[in-house]
Protein chains: 2
Amino acid sequence: MNARPDTADIELDIEGAADYLNMSQSKIKGLLDRKILLQVWDGGWSRDQSQRFFRFDKSVSKIEHGSVLYQRNGSFELIRGFPKIQRAMLLGPALESHFSTIKTVAVEEKMNGYNVRVADIGGRIAAFTRGGLICPYSTDRAQNLLKHDFFDQHPDLVLYGEMTGPDNPYVPKNVYNIESLDFFVFDIRHKDSGKPYLLHERRKLAEEYGLNQVTFFGEFSLDDAQDEIASIIRKLGKVQHEGVVIKDPQMILDPVKYTCSQSNCADLQHAFKFYNDVGRDYFFSRVVREGFQSVEWNENETELQKRCLQLGESILRPMIESIKQVKDGTRIADDVQIRVKDLSIISTYQEYLRRLSVDAVFSEPESIGDEYIVKIKKLNQSTNDKTESMCKGELW
Amino acid sequence: MNARPDTADIELDIEGAADYLNMSQSKIKGLLDRKILLQVWDGGWSRDQSQRFFRFDKSVSKIEHGSVLYQRNGSFELIRGFPKIQRAMLLGPALESHFSTIKTVAVEEKMNGYNVRVADIGGRIAAFTRGGLICPYSTDRAQNLLKHDFFDQHPDLVLYGEMTGPDNPYVPKNVYNIESLDFFVFDIRHKDSGKPYLLHERRKLAEEYGLNQVTFFGEFSLDDAQDEIASIIRKLGKVQHEGVVIKDPQMILDPVKYTCSQSNCADLQHAFKFYNDVGRDYFFSRVVREGFQSVEWNENETELQKRCLQLGESILRPMIESIKQVKDGTRIADDVQIRVKDLSIISTYQEYLRRLSVDAVFSEPESIGDEYIVKIKKLNQSTNDKTESMCKGELW
């Protein structure tokens with residue numbers, strides 16, 4: 001997702017924005033000129049086209065990358081981007097060093113899906129991607145999934161959560177026993193300031209409104225945390241879940257993530273299917289995590305050998321499968337699907353992917369209950385082309 | 001080796017060089033300004049400092065990267081860089097497509113060491129690295145290894161070969177049954193034009209002068225080549241050798257290389273010991289080769305599983321070893337050694353590495369026969385630092 005489905009039609013009240021963001025007007029103009037502050041293509045979200053959104057394509061001063069700026073009833077509002085969570089490579093030392101000033105840490109599940117912020121703007125729900133784009137599919141799903149009473153009473157709050165399940169056009173997962181796609185809250189923050197709810201208050205608030213939440217595994221003393229988390233991670237790994245986020249219940253210290261080996265390997269399996277389309281850093285980071293986890297878990301020869309085999313298989317099997325497929329004349333593709341109630345979402349989503357330069361082929365909608373499933377083949381051109389040329393005898 | 005041990009003291013006869021290279025003077029000036037044409041630090045090779053060498057840091061027009069330009073008795077001479085040899089990912093299709101216009105291909109061993117060009121300049125031998133630097137150690141070794149009668153009779157020829165063996169500060173290898181370091185010719189070319197000797201004539205010429213040569217496995221019809229080479233590759237793999245170069249005996253078509261799985265895995269083993277110092281592309285390319293070879297060799301489940309395990313072990317075991325070592329307070333280093341007759345080479349070589357920004361610790365010379373061995377610890381700062389910081393609990 002490197003391209004930008006943004007519109008060219010910029011109409012930002014520069015004076016007002018400068019005032020609201022406490023920046024100079026020339027700074028705002030510079031951000032617009034350098035395409036760091038960009039108008040968002042909303043895919044018809046704003047039906048009368050009166051509502052315009054602007055996103056930060058980089059972090060600027062203290063405003064996170066992906067933050068979204070807009071005007072409502074004459075006032076500016078800002079939906080803050082979701083801060084990147086750093087990773088523990090060695091859990092024990094990381095816990096000790098990072099959380100040394102607090103007594104307990106809370107552990108929640110890190111689900112495998114995609115990160116979405118859901119907010120209400122003038123009585124209408126919008127779902128923003130990590131980068132601050134309005135994803136028409138996620139927006140449609142959020143509008144269907146979330147009852148409006150939460151936003152009726154808290155129009156100034158933003159739900160940060162994971163969209164996950166099989167009807168997921170980015171990271172489809174069947175491991176959560178979800179029928180289609182659900183939204184799991186892991187953070188609630190105020191508009192403008194981005195100030196988060198304290199962990200337990202956030203969970204209470206979400207519960208009151210019947211919102212899905214990521215699993216809470218408990219709050220542990222720093223002394224117990226390493227063993228407890230290691231045991232949670234092993235259990236999560238067995239059911240192919242991704243990992244955990246370790247949080248300061250007071251939400252003062254930054255959270256830290258830690259993932260299961262099985263999740264690294266699943267990532268590698270998917271990435272090596274499309275070996276020439278995925279960034280080299282993606283492979284590397286996942287491989288390195290395996291090394292650190294093996295050291296920390298003090299693995300014996302049998303466990304180590306199992307890990308080595310698993311790693312090698314996660315890399316080679318999907319790549320070999322892709323090469324064979326292309327050799328036999330089949331184009332490899334990432335098969336995903338979406339589920340919609342309103343057929344008009346399909347063409348809007350198609351246009352959204354087109355603007356992101358994603359090469360995707362949509363099948364005809366198949367009716368399922370009162371909804372439709374659309375299968376999408378995302379073509380990975382570079383892997384197809386490279387493999388094809390190798391099969392023709394071209395040299396590397 | 002990203003830095004450049006070049007001198008700042010440029011004294012090139014621009015007019016003469018332009019004339020010799022058939023370029024405009026302003027082009028030559030531009031190459032000097034943009035540091036594409038650079039004076040080479042010769043480490044005292046030219047004792048009276050009258051001889052100056054200039055190297056091409058990029059290919060320019062038809063002059064290969066690494067080509068070396070100098071003046072001798074008022075005339076310019078050029079030692080052409082060694083052209084990059086492309087790789088077959090799928091041997092069968094590559095042979096068919098690349099060599100379709102000829103009837104037979106010759107197969108020689110691709111040895112695992114480092115690529116050196118040896119030439120005689122005014123009665124004195126110099127050894128140039130792939131990039132066109134004068135390596136003081138390689139030069140000293142070449143002067144010791146090569147009798148002068150070859151260059152006495154062929155001062156206009158350049159020997160292209162592999163320096164290999166255990167006393168090798170770049171790629172030490174014990175697999176060739178070499179006591180210290182030897183030089184194996186794989187190409188002989190004319191100065192200036194870079195015109196190569198035909199394969200069989202080159203082998204004959206080298207034999208006449210008693211020069212070491214890379215192994216010649218035979219000349220095969222295109223019909224037989226794939227099976228013959230696959231069988232050679234399997235045998236070479238078993239003894240941990242690297243692979244083969246497949247050549248047009250007439251030296252008209254470009255040669256093609258193909259390597260053993262064991263060599264890929266050995267590369268990975270070495271690279272993952274220094275996981276944070278080695279480029280991500282290095283890992284990636286070696287992993288991808290494994291996938292293609294497995295498909296081409298039509299491996300069954302047992303063979304595939306063996307390959308997966310081998311790949312996983314080549315990646316994880318050295319990395320885990322490094323992490324454990326750093327965790328226990330030992331700095332990891334690449335342990336290599338050189339062997340010299342003349343003690344003065346040591347400090348020159350030390351200066352050479354310093355200019356290349358290689359962080360290396362030299363031990364005291366140990367006498368062995370009429371020579372000295374110097375152990376060198378090349379420190380891989382980035383891997384040491386990264387691993388140390390992870391062990392201290394820093395986040396990734």
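Begin by selecting B:V105 and B:F220, which are bridge partners, with B:F220 lying in strand β11(B). You are looking at a predicted model, so everything on this tour is computed from predicted coordinates. Widen the selection to the two strands, and you will find that β6 (residues 104–110) and β11 of chain B run antiparallel and are joined by five bridges.

**The sheet in chain B**

Next, colour the strands of the open sheet to which this pair belongs, which has five strands in the order β5-β13-β12-β6-β11 (chain B) and mixed pairing. Which strands lie at its edges? They are β5 (86–87) and β11 (216–221) of chain B, each of which pairs on one side only.

**Strand pairs in chain A**

Now move to chain A and select β5 (residues 86–87) together with β13 (residues 256–259), which pair in the parallel sense over two bridges; here A:Q86 stands opposite A:V256. Add strand β12 (residues 243–247) of chain A, and the pairing with β13(A) becomes antiparallel, over four bridges. Within this pair, A:G243 stands opposite A:T259, and A:V244 stands opposite A:Y258.

On another pairing of β12(A), show strand β6 (residues 104–110) of chain A, which pairs with β12(A) in the antiparallel sense over five bridges. A:V244 is again a residue to label, since A:V244 is the bridge partner of A:E109. If you then ask how many residues of β12(A) are buried, the count is five of its five, and the strand is mostly covered.

**The nonpolar core**

Select A:I229 and B:I229, the residues that touch the most other members of the largest nonpolar core, a set of 87 residues. Nonpolar side chains tend to be buried together in soluble globular proteins. Around A:I229, leaving aside neighbours within four places in sequence, show the contacts A:L91, A:V107, A:V244, A:I246 and A:Y258; A:V244 and A:Y258 are the residues that stand opposite each other across β12(A) and β13(A).

**The two chains together**

Show both chains and consider how one is placed on the other: a rotation of 180 degrees, with 0.0 Å of shift along its axis, superposes chain A on chain B with an RMSD of 0.0 Å. That is the relation of a two-fold axis. Select the contact between them, which takes 43 residues from chain A and 43 residues from chain B. On the side of chain A that touches chain B, the elements giving two or more residues are β5, α3 (91–98), α9 (280–296), α10 (301–327) and α12 (381–391) of chain A, and α10(A) gives the most, with 13 residues. Of the interface residues of chain A, 100% are also interface residues in chain B, so the copies meet through the same surface.

**Helix α12 of chain A**

From the interface, select α12(A) and label the buried residues A:T383, A:N384, A:K386, A:T387, A:M390 and A:C391. What do the buried residues of this helix pack against? In chain A they pack against α10 and β17 (371–379), and in chain B against α3 (91–98) and α9 (280–296). Just after α12(A), stop at A:G393, which takes a positive phi of about 95 degrees.

**A buried loop residue**

Select A:I332, which is found in the loop between α10 and β14 (333–340) of chain A. A:I332 counts as buried because 20 or more C-beta neighbours are required within 10 Å and this residue has 21 inside that distance. Leaving out residues up to four places away in sequence, A:I332 touches A:K273, A:S322, A:Q325, A:V326, A:N380, A:T383 and A:N384, and among these A:T383 and A:N384 are buried residues of α12(A).

**Helix α10 of chain B**

Finish with helix α10 (residues 301–327) of chain B, whose 27 residues reach 38 Å from the first C-alpha to the last, close to the 39 Å expected at 1.5 Å a residue. Where is the kink in α10(B) centred? Select B:E313, and you have the centre of a kink of about 30 degrees. With 20 C-beta neighbours inside 10 Å, B:E313 counts as buried. For a distance to draw in the viewer, take B:E313 and B:L268, which are 45 residues apart in sequence and 9.5 Å apart in space, C-alpha to C-alpha. The last stop is B:G329, just after α10(B), where phi is positive at about 90 degrees.

Methods:
Residues numbered from 1 in each chain as written. Chains lettered and ligands numbered in written order. Predicted model: local features only at pLDDT ≥ 70, side-chain atom pairs only at ≥ 80, totals over all residues. Least-squares fit on C-alpha atoms with pLDDT ≥ 70 in both. Contact = placed C-beta atoms within 7 Å. Expected span 1.5 Å × (residues − 1). Bend = angle between axes of the 7 residues up to and from the residue. Pairing = 2+ DSSP bridges. Core = buried A, V, L, I, M, F, W, Y, C linked by C-beta atoms within 7 Å. Buried ≥ 20, exposed ≤ 12 C-beta atoms within 10 Å, placed from the backbone.
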